[in-house]
Each structure stands twice: as C-alpha cells, then as structure tokens.
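Open the structure in your viewer and keep the selection tool at hand. This tour goes stop by stop, telling you what to pick and what to look for.

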Amino acid sequence: MNPKVSIVVCCYNGEKYIPSCFQYILSQTYKNIEVLFVDDGSMDESYLLALKWSDKFASEGMTLCCYQQVNQGAGFAARTALLHATGDYILCFDIDDCLYPDSVEKQLLFLEANPSFNVVRTNGYEVLVNQQKILFVTNEKEKNAEDLFTMLVLGKTNNWAGSYMVRSSQLWRVFPDHRILGSRYGQNLQILLSAAYRSKCGFIDVPLMEYLRREDSFTKRDLSFERLYKLYNEFEGIRIDLMGHLKIPETNRLWNEMRLHYASLRKDLCIEYAKKDLFEREYGFLRRNKRISYLDSYYHYHFRGQKLRALYYRLLHRIVS
C-alpha cells in the first residue's frame, strides 16, 4: 500500500515564502505526495518561481502541479486545486507556515490504521510576532471531541491549514464533482466541515506544524469595524451555504445555535466600536432567544441614553460577576 497524499497550496503574492514552503514539503518523511499549487492572480513572480521547483519535487518522488487563476481568493484557489486532486488523502498547507518533517506520515498512518475515521487533526503552535509559541489545543474535551462537525459550526475549535488531513473519498461524497463551494476564503473550514459530517474524527496530540502570525497576514491587514463585521457575516455565510448543501433541515437546532453564535460575535463587536444601530439589531435577536446578559442590557440602555436603567443593569452585572 502506497496511498497518495494531495497537498493544496494557495498563493497570492507569496514569492518570498515559496522556497521555505516547498522545502517543508520536500523534507517530509513520506514521499508519495502530489502538490497542487494555485497562484491566485499574484502580481509578483510566484507562479514562475513555483514552476522552477518541478525537478526538485521529481527527484524526491513527488509531483508538483502548478495552476494560475485570476484573483478570487484562497477559497476559490483551493477549489481549483481540488478539481485536479488525485490523492487518497488531502491536506491543505498555507504558504507562509511551517510543516514538521513527520507531519504527513503521522497523519497518513493514523487514517490508514483507522479506516472508519475520515478526519485526523493534530496539535500545533501559533507563533506570535515576538516568537512566543502558543499550543493550539490544550483542552482535553476539545482534543477528544466526538462531534467535530458541531464544534466547527459553532466556532468552538480551530481549523488551521496544515493541522488536519481528510480522506478524499469522504470529501467526494459531499462534492461528487470535486467542486467545493466558491468563497474568497474559509476553504479549511469548508473542507473540514464536509469531511467531519457524520464521520469519526481523530486527534494526534503532538505539535506537527506551526501557524506563523505575521503583521501583514490576511487577518491583520484591516481591523476596521466594517471589515470585521463583514468577515463575521461571510464566515457565517460559509456555514449556511454548506449546511444547505448538506441538506441539514433548518428545523435542526444547529442552525439557530450557529446564528446565535454569530449574532453574539457581532454584538460584542458593535459594543467595542460603539455602533448603536447595528448593536440593537443583534441585541434584539439575542433577546428574543433569551441569550443576553446583564451587561448586554446595560449597553442597550446606555446607547439609548437611559442612564438610570443602564446603571441598574451595570450593578446587576457586577453583583453576579
């Protein structure tokens, strides 16, 4: 048995990261790998540089396939890559992160030894700008979660690229034409959710990759209210689209729990940026579902200028805190 692993690498203006990214893959102890590199309309020389690595991959018994597309975002780039994937297993790897040499092998061996599992995740480190390392998962319940799908829908666990591998046959059951739903980002969430649906999911409690937090990263580029509010809406939208694709009935409690989760995130964001009108919309939805706190009610009346009522709920919050 020599199963193939497809590694999806999406790139936008990542020329400076390509050498380290490709070297991490070439250094893997497991060699039956095809790399599906998609250049998402870069304005630098990313695509041409990637092509020059083909011989190096071939010398290690690996295959490098390079594709180009107009800029549509990493989600669409991953979609392009998966159209060409021929591996038994699929792993996504961000071009500016670190993959430990035995990462692919350990995940592959787990799935080969556990044919009833369609997903395996690993631990890893988030590396901050000051080089401090923070372990992804420390909670034992999160490590041993039986229902990964629900945890992902409700944002209760991570979906870092490089920290998971999925069985491709499960992904193709959800997407028979190998075409995941289009989105500018959220490809890891979409792939993991699809593979975890009604599936067993394992966890290797060993750090096998590093997510490198950079000042110029996608999540750091724009922290304006408008940008963050839009991100919350779009990540909720990815979940809505996929749950619809999976034909999960809207009477399922998970739909409402997911909507409440994102309403709460947007509510807190509105408080932070003092966006009164949008706060009222989220607060109203949460209040109808009995998901508000005394502190939420304080801000509700504070934004309305009703000082005495606001003070009353502020005091209640302090009493119960």
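Select R198, just after helix 9. R198 takes a positive phi of about 55 degrees. Keep in mind that this is a predicted model.

Now step back into the helix itself. Select residues 187-196, which make up helix 9. Are these residues buried or exposed? Helix 9 is mostly covered, with 10 of its 10 residues buried. Colour them in order: Q187, N188, L189, Q190 and I191 come up, then L192, L193, S194, A195 and A196. Each of these counts as buried, that is, under 20% relative accessible area.

**Strand 6**

Next, select residues 117-127. This is strand 6, another mostly covered element. Here 10 of the 11 residues are buried.

Which strands pair with strand 6? Show them one at a time.

- Add residues 200-212, strand 9. Strand 6 and strand 9 pair in the parallel sense, over 9 bridges. For a landmark, pick V119 and C201, which stand opposite each other.
- Add residues 164-167, strand 8. The pairing with strand 6 is antiparallel here, over 3 bridges. Stay on V119: its opposite number in strand 8 is V166.
- Add residues 133-135, strand 7. Strand 7 runs antiparallel to strand 6, and 3 bridges join them. Pick E126 and look across to I134 in strand 7.

V119 is a handy anchor for this view. Strand 9 offers C201 opposite V119, and strand 8 offers V166.

Now look at the turn. Strand 6 and strand 7 form a hairpin, with 5 residues between them. Select Q131 in that turn. Its phi is positive, at about 75 degrees. Recall R198, where the positive phi is about 55 degrees.

As you scan along a strand, remember one rule. In a regular strand, side chains alternate between the two faces of the sheet.

**The second largest pocket**

Last stop. Select F149, T150, Y197, N252 and L254. Of the 15 residues that line the second largest pocket, these are the closest to its centre. The volume of this pocket is about 200 Å³.

Which elements give two or more residues to the lining? Show helix 7, residues 148-153, and helix 11, residues 253-273. Helix 7 gives the largest share, 3 residues.

Finally, colour the lining by class. You should find 7 nonpolar, 3 polar and 5 charged residues.

Terms used. Residues are numbered from 1 along each chain as its sequence is written. This is a predicted model: local features need pLDDT of at least 70, side-chain atom pairs count only at pLDDT 80 or more; totals for chains, interfaces and linings use all residues. Side-chain values use heavy atoms; hydrogens and water are left out. On a 1 Å grid over the protein atoms alone, a cavity is a set of points where a 1.4 Å probe fits but cannot get out, and a pocket is an open set with protein on both sides within 12 Å along at least five of seven lines; lining residues have an atom within 4 Å of a point. Grid points are joined across faces, edges and corners, and a volume is the space filled by probe spheres set on the points. Helices (H or I, at least four residues) and strands (E, at least two) are DSSP runs, numbered from the N terminus. Ala, Val, Leu, Ile, Met, Phe, Trp, Tyr, Cys and Pro count as nonpolar, Asp, Glu, Lys and Arg as charged, and the others, Gly among them, as polar. Buried means under 20% relative accessible area, exposed over 50%, partly exposed in between (1.4 Å probe, protein chains only). Two strands pair if DSSP finds at least two bridges between them.
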